[in-house]
Amino acid sequence: QAELERAGIEKFGPIIGDISRGASETPMQIVGGVRDALQASFELIQQTGGIIGDTAAGREPQRREMVQLPNVHDPRSVTGSLVRGVSQFLTGWFIAGKAMGAVGAGGLASGGAVARGVNVLAKGAITDAGFFTAQQGNLANLIEDWPVVGQNAVTEFLSTDPDDSEAEGRLKNALTGIVTAPMVPAFVGSL
């Protein structure tokens, strides 16, 4: 009996410790996820605006110094990392939905099955392209790094790469968002 208990503690102790650390980190990591989403969207807006402005003025597009929001310390636990990533995603998802409503695409959410499907796919693409940086790993990176799930040409293509341009990285994120978006309503509904 004592041996079984010791084995259980050795096996589950680190998991329980991580969850405990993650619980104490949760409030700050929620803030960190919101910050990361806003920072990525500000960078996209600045880069896009700069390119459009330079091109309109007949200049070669220049790299610009980006506005930097205050940093929030990185999580020290797997649980804290998950909380931060989910917070970043949900921030983007919420803002994407509000933005779609503001431009008149909000009716998709209350339309028929096809319209609702298009709404979900669009929100997924906007969230992943607009609220995650081009170099931030995405679901395809996770699958590529975890061979038990299976590596394939699709995940290899969609994985972000440090050599990708900003536009290529954001396009990969948008495509990954389209692939994963159908799972979001069920996930959000379970919260």
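1. Which residues does Gln 39 touch, not counting residues up to four places away in sequence? In this predicted model, the partners of Gln 39 are Val 67, Gln 68 and Leu 69. Gln 39 itself is placed in helix H1, which covers residues 2–56. With Leu 69 there is also a polar approach: a polar atom of the Gln 39 side chain lies 2.7 Å from the backbone nitrogen of Leu 69.

2. Is Gln 39 buried or exposed? The residue counts as buried, because its relative accessibility is 3% and the cut-off for burial is under 20%. In space, Gln 39 lies 8.5 Å from Thr 133, C-alpha to C-alpha, although 94 residues separate the two in sequence.

3. The overall fold may be stated briefly. The protein has 7 helices and 0 strands, and its pattern along the sequence reads α-α-α-α-α-α-α. Of the contacts between residues at least 6 apart in sequence, 70% join residues at least 24 apart. The pair Gln 39 and Thr 133, 94 residues apart in sequence, may be read alongside that figure.

4. As to burial and surface, the protein contains 191 residues, and buried residues make up 32% of them. The accessible surface comes to about 11,600 Å². Carbon and sulfur atoms account for 67% of that surface.

5. Asp 54 is a second residue of helix H1 that merits attention. At 1% relative accessibility, Asp 54 is classed as buried. Leaving aside residues up to four places away in sequence, Asp 54 touches Arg 59, Glu 60, Pro 61, Gln 62 and Arg 64. The contact list of Asp 54 thus includes Arg 59 and Arg 64.

6. The structure holds 5 salt bridges. One of them joins the side chains of Lys 172 and Asp 164, with an N to O distance of 3.0 Å. Both partners count as buried, because the relative accessibility is 6% for Lys 172 and 10% for Asp 164.

7. A further salt bridge links the side chains of Arg 170 and Glu 166 at 2.8 Å, N to O. These two residues lie in helix H6 and are 4 residues apart, about one turn of the helix. How do the partners stand with respect to solvent accessibility, buried or partly exposed? Arg 170 counts as buried at 6% relative accessibility, whereas Glu 166 is partly exposed, with a relative accessible area of 25%.

8. Shared partners join Arg 35, Asp 36 and Arg 84 into one network of salt bridges. Within this network, the side chains of Asp 36 and Arg 35 meet at 3.3 Å, N to O. Asp 36 and Arg 35 are both buried.

9. Helix geometry was checked for two elements. Helix H3 (residues 113–130) has 18 residues and should therefore span 26 Å at 1.5 Å a residue; the 25 Å between its end C-alpha atoms agrees with this. Helix H6 has 15 residues, so an expected span of 21 Å follows, and its end C-alpha atoms are 21 Å apart, in agreement.

10. Which residues of H3 are buried? They are Ala 115, Asn 119, Val 120, Lys 123, Gly 124, Ala 125, Thr 127, Asp 128, Ala 129 and Gly 130. The buried residues of H6 are Gly 169, Arg 170, Lys 172, Asn 173, Ala 174, Thr 176, Gly 177 and Thr 180. This H6 list includes Arg 170 and Lys 172, each of which takes part in a salt bridge described above.

11. A nonpolar patch lies on the surface and has an area of about 400 Å². Its members are Leu 121, Phe 157, Leu 171, Leu 175 and Ile 178. Helix H6 (residues 166–180) supplies the largest share of the patch, with 3 residues. Leu 171 is placed in this helix. Leu 171 is classed as partly exposed because its relative accessible area is 48%, and a residue must be over 50% to count as exposed.

Notes:
Residues are numbered from 1 along each chain as its sequence is written. This is a predicted model: local features need pLDDT of at least 70, side-chain atom pairs count only at pLDDT 80 or more; totals for chains, interfaces and linings use all residues. Side-chain values use heavy atoms; hydrogens and water are left out. Patches are made of residues with over 30% relative accessible area and no salt bridge: like charges are joined within 9 Å, nonpolar side chains (Val, Leu, Ile, Met, Phe, Trp, Tyr) within 5 Å. Accessible areas come from the Shrake-Rupley method with a 1.4 Å probe; for residues, only the protein chains shown count as cover. A salt bridge is a side-chain nitrogen of Lys or Arg within 4 Å of a carboxyl oxygen of Asp or Glu. Buried means under 20% relative accessible area, exposed over 50%, partly exposed in between (1.4 Å probe, protein chains only). The expected span of a helix is 1.5 Å times one less than its number of residues. Contact means heavy atoms within 4.5 Å. A polar contact is a pair of N or O atoms within 3.5 Å; within protein, one must be able to donate a hydrogen and the other to accept it, and residues adjacent in sequence count only if both atoms are side-chain atoms.
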